[in-house]
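Hello,

Here is the structure I promised to pass on to you. Have a look at it first, and then read on for what turned up in it.

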Amino acid sequence: MTGPVVSVERVGNVAVVTIDNPPINALSRPVRMALIAAFQSLASDSSVTAVVLTGCKGQFVAGADLKEMRAASVPPFLPDVIAAMEAVARPIVAAIDGPALGGGLEIALACDSRIGSPRASVGLTETKLGIIPGAGGTQRLARLVGIERAIELVGEGRVLKASEARMAGVLDAVANDETVTDAIAKAPRTEKRRLSSSPLPPSNLPAEESVAARVIAKAKGVPAVAEAVRVIRASRSMTFDEAVAEERATFLRLRDSEEAMALRHAFFAEREAGRVPGLESVAVRAVQRIGVIGAGTMGASIALSLADAGFAVDLVERDAESAAQGKQRVRALYDRQVKAKRLDGAAAEARLERIVAGADWSRLAAADLVIEAAFEDLAVKTDIFRSLDVIARPRAILATNTSYLDIDAIAAATRRPEDVVGLHFFSPAHIMRLVEVVKGARTAPDVIGTAMSLSKRMGKQAIVAGNCDGFIGNRIYAVYRRHAEYLVEDGAWPHEVDAALESWGFAM
């Protein structure tokens with residue numbers, strides 16, 4: 001028998017409200033009802049001096065229950081939850097351990113303070129689903145970080161990790177792993193700070209207009225982004241209540257649009273792609289240390305992605321000079337993130353230190369998994385795998401980043417084809433989410449499962465592909481490239497074909 005989706009416990013005079021709705025603590029109707037009941041009870045309890053709102057270990061709230069959007073809406077709605085929270089006269093502190101996304105961040109913004117663990121991530125990501133926040137998120141965020149920054153974060157659906165969120169002012173502090181304990185200690189000393197009654201920070205109008213234009217142009221016609229920008233900027237000319245009402249009306253209109261329905265379909269399709277038949281009971285292999293062969297543009301980007309995910313990385317090249325150049329490529333990528341204020345310098349240095357670059361291939365003997373990212377040449381890759389067969393420890397996974405070549409031909413260069421798998425990252429690997437996990441004829445099920453698990457730890461969208469020319473992504477690319485060439489043969493100019501494809505939504 002399952003327990004309640006929301007529980008309330010007392011730690012002295014502090015009430016701890018915990019959401020427990022696996023797997024992602026979605027704000028489904030039972031959760032909304034239970035939260036309203038909990039906050040209404042606390043509002044009338046004079047013995048409570050402060051409240052901590054949190055989720056079960058490793059979670060906060062990763063968003064709404066999108067399945068509910070397929071059916072007729074049933075109250076109570078998220079604005080009703082936030083109204084119940086704002087009726088509590090005592091301070092409320094959000095203790096965020098894990099993702100606070102969409103509606104999850106909206107309820108965190110309705111709190112008076114926000115503390116995150118190192119695992120916390122926050123974002124109003126609704127525009128990625130063709131909608132905008134619908135419970136005051138645009139207005140509270142604008143009052144917290146300013147209109148210009150709110151446009152950027154909401155318009156791009158940006159997800160900030162804990163350190164980024166602290167730098168942006170979305171989190172007030174990043175605690176250790178005892179986030180709830182820290183929040184309980186802080187809560188009684190926290191002042192009431194309802195963002196609904198806070199003034200807007202000063203705004204640089206030319207900079208704001210520049211950011212708005214850039215975000216809208218980047219969206220390439222997605223209606224939700226332009227609407228999000230419009231509603232955020234309305235915070236200057238409307239009262240808070242008026243702007244929230246406009247936000248809600250816009251949310252409801254966009255929710256039923258064709259674009260939103262299509263994006264919800266894509267959302268569920270991505271999750272279905274991660275469910276691979278036959279792997280449900282497979283135990284994945286432990287992976288902590290990863291080797292990357294090749295420190296060029298792709299190898300450096302893969303190494304950065306792995307370091308971001310907390311892995312120790314050995315980046316190896318054919319000679320010391322090439323290895324040093326590869327490490328410098330990684331540093332340049334981190335410098336760019338620091339300059340863009342997406343990462344602070346100390347965090348960048350800490351991640352950079354996880355990567356050891358050199359020409360000593362014997363270091364790969366300690367790796368749990370090795371990713372080859374060398375030239376797209378079968379002879380080069382088979383030679384590397386022949387060497388890896390000798391160097392790598394037993395049961396180490398040997399992965400190739402090939403985008404077209406025969407996985408089985410590469411695996412045949414080893415005495416352990418069951419340990420060989422394709423891990424095809426798309427360039428630039430630290431930005432592009434898609435990873436093709438390519439299954440060879442003899443790839444072991446636990447190797448596929450481990451590759452899928454690794455991709456998830458890296459924040460990637462993994463799909464399993466069969467061993468064929470171009471796998472999935474490049475087979476699709478080959479078709480639309482061929483038809484683009486037909487159009488040129490029929491008399492269209494290349495730049496006209498390119499502009500038409502970009503206008504339709506293709507990034508390249």
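**Around Arg143**

Leaving aside residues up to four places away in sequence, Arg143 touches Leu195, Ser196, Ser198, Pro199, Leu200, Pro201, Ser235 and Phe240. Please keep in mind that this is a predicted model. Arg143 itself sits in helix α4, which covers residues 137–145. Is Arg143 buried or exposed? Its relative accessibility is 7%, and since buried means under 20%, Arg143 counts as buried. If you would like a distance to check in your viewer, try Gly55: its C-alpha atom is separated from that of Arg143 by 25 Å, and the two residues are 88 apart along the chain.

**The strands**

Gly55 also brings us to strand β3, which spans residues 50–55. Strand β3 pairs with strand β4 (residues 92–96) in the parallel sense, over four bridges. One pair to look for there is Val52 with its bridge partner in β4, Val93. Both strands belong to an open sheet of six, ordered β1-β2-β3-β4-β6-β9, with mixed pairing. At the edges stand β1 (6–11) and β9 (173–174); each has a single partner strand, so one side of each is left without a neighbour in the sheet.

Further along the chain, strand β10 (residues 289–293) runs parallel to β11, and five bridges join them. Here Gly291 has Asp314 in β11 as its bridge partner. Strand β11 takes in residues 312–316, and four of its five residues are buried, so the strand is largely enclosed by the rest of the structure.

**The protein as a whole**

Stepping back, the secondary structure comes to 19 helices and 17 strands. The radius of gyration is 25 Å, close to the 23 Å that the globule rule gives for 508 residues, so the protein is as compact as a globular protein of that length. Along its principal axes, the C-alpha trace spans about 75 × 60 × 45 Å. Of the 508 residues, 49% are buried.

How are the contacts spread along the sequence? Taking those between residues at least 6 apart, 73% join residues at least 24 apart.

As for the surface, the accessible area comes to about 23100 Å², and carbon and sulfur atoms account for 57% of that. The protein has 61 positive and 62 negative charges, and the mean positions of these two groups are 3 Å apart.

Happy browsing, and all the best!

Terms used:
Residues numbered from 1 in each chain as written. Predicted model: local features only at pLDDT ≥ 70, side-chain atom pairs only at ≥ 80, totals over all residues. Heavy atoms only, no water. Helix = DSSP H or I, 4+ residues; strand = E, 2+ residues; numbered from the N terminus. Rg over C-alpha atoms; globule rule 2.2 N^0.38 Å. Buried < 20%, exposed > 50% of the residue type's maximum accessible area, 1.4 Å probe, protein only. Contact = heavy atoms within 4.5 Å. Areas by Shrake-Rupley, 256 points an atom, 1.4 Å probe, with all protein chains shown as cover. Lys, Arg positive; Asp, Glu negative; His and termini not counted. Charge placed at Lys NZ, Arg CZ, Asp CG, Glu CD. Pairing = 2+ DSSP bridges.
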